[in-house]
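Me: I've just opened this one and don't know my way around yet. Can you walk me through it?

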Amino acid sequence: DHPIASSSSSQSIYYLDGDDWIATTTTYSSTSSSSETLRRVLTIPGKVPGDIITDLQRAGIIGDPYYELNWIHNSSLWNSNSSSWTYQRNFSIPNNKLSSNDNASWLLVFDGVKMGARVSVNHKVIGIVKDQFLRYTFE
């Protein structure tokens, strides 16, 4: 289901949903025996649309979150101030679409980003998403 439609025959729409995303987090924790801080990087395949709990289950990191109290086990992976997740994906736009019209603009549309996000393209922040029930469009 793709609710965005082009109003012009010269416009192309590129959908970035699918299972070719990568989800990464970095967590830090202190050891009880020393003042060392341990850094742990976890990278798993991601799917958009989707959510981190489902991606963690699909990767075999956590069990079925609906089974007994599994949703509590390892909840620090998604429910903690000390960790955040980054979803990233590489994509290309054909050269003929980039140079065809100097006045052309591109829209990046998000239909429901769960729990909020900082949106970046090529490491440049282009916006903030705060409400999972709203559509966000960035030009």
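**Aromatic pair and beyond**

Reply: Sure. This is a predicted model, and the structure holds one aromatic pair.

Me: Which residues form that aromatic pair, and how are they arranged?

Reply: Phe-110 and Phe-138 form the pair, and the arrangement is edge-to-face. Their ring centres sit 6.1 Å apart, with 70° between the planes.

Me: Where in the chain are those two?

Reply: Phe-110 belongs to strand 4, residues 108-111, while Phe-138 belongs to strand 7, residues 135-138. They are 28 residues apart, so the pair links distant parts of the chain.

Me: Is Phe-138 buried or exposed?

Reply: Phe-138 is buried, at 11% relative accessible area. Phe-110 is partly exposed, at 22%, because the cut-off for buried is under 20%.

Me: OK, stepping back. What's the overall layout of the elements?

Reply: From the N terminus the order is β-β-α-β-α-β-β-β-β. That's two helices and seven strands.

Me: And how much of the protein is buried?

Reply: Buried residues make up 17% of the 139 residues. The accessible surface is about 10,700 Å², and 48% of that belongs to carbon and sulfur atoms.

Me: Switching to charges: how many salt bridges are there?

Reply: The count comes to two. Asp-20 pairs with Arg-89, and their closest N and O atoms are 3.3 Å apart. Asp-20 is in strand 1 and Arg-89 is in the loop between strand 3 and helix 2, so this salt bridge ties together parts 69 residues apart in sequence.

Me: Are Asp-20 and Arg-89 buried, exposed or in between?

Reply: Asp-20 is partly exposed at 43% relative accessible area, and Arg-89 is partly exposed too, at 22%.

Me: Which side chains make the other salt bridge?

Reply: Asp-55 and Arg-58, at 2.6 Å from N to O. They are three residues apart in helix 1, so about one helical turn separates them. Asp-55 counts as buried, with 1% relative accessibility.

Me: Which residues make up the nonpolar patch on the surface?

Reply: Leu-69, Trp-71 and Ile-72 form it, with about 320 Å² of accessible area together. Leu-69 is in the loop between helix 1 and strand 3.

Me: What about Asn-70, where is that?

Reply: Asn-70 is also in the loop between helix 1 and strand 3. Its side chain reaches the backbone oxygen of Asp-64 at 3.0 Å. Leaving out residues up to four places away in sequence, Asn-70 touches Gly-63, Asp-64 and Pro-65.

Notes
Residues are numbered from 1 along each chain as its sequence is written. This is a predicted model: local features need pLDDT of at least 70, side-chain atom pairs count only at pLDDT 80 or more; totals for chains, interfaces and linings use all residues. Side-chain values use heavy atoms; hydrogens and water are left out. Helices (H or I, at least four residues) and strands (E, at least two) are DSSP runs, numbered from the N terminus. Buried means under 20% relative accessible area, exposed over 50%, partly exposed in between (1.4 Å probe, protein chains only). Accessible areas come from the Shrake-Rupley method with a 1.4 Å probe; for residues, only the protein chains shown count as cover. Rings of Phe, Tyr and Trp (its six-membered ring) pair if their centres lie within 6.5 Å; planes under 30 degrees apart count as stacked, over 60 as edge-to-face and the rest as tilted. Patches are made of residues with over 30% relative accessible area and no salt bridge: like charges are joined within 9 Å, nonpolar side chains (Val, Leu, Ile, Met, Phe, Trp, Tyr) within 5 Å. A salt bridge is a side-chain nitrogen of Lys or Arg within 4 Å of a carboxyl oxygen of Asp or Glu. A polar contact is a pair of N or O atoms within 3.5 Å; within protein, one must be able to donate a hydrogen and the other to accept it, and residues adjacent in sequence count only if both atoms are side-chain atoms. Contact means heavy atoms within 4.5 Å.
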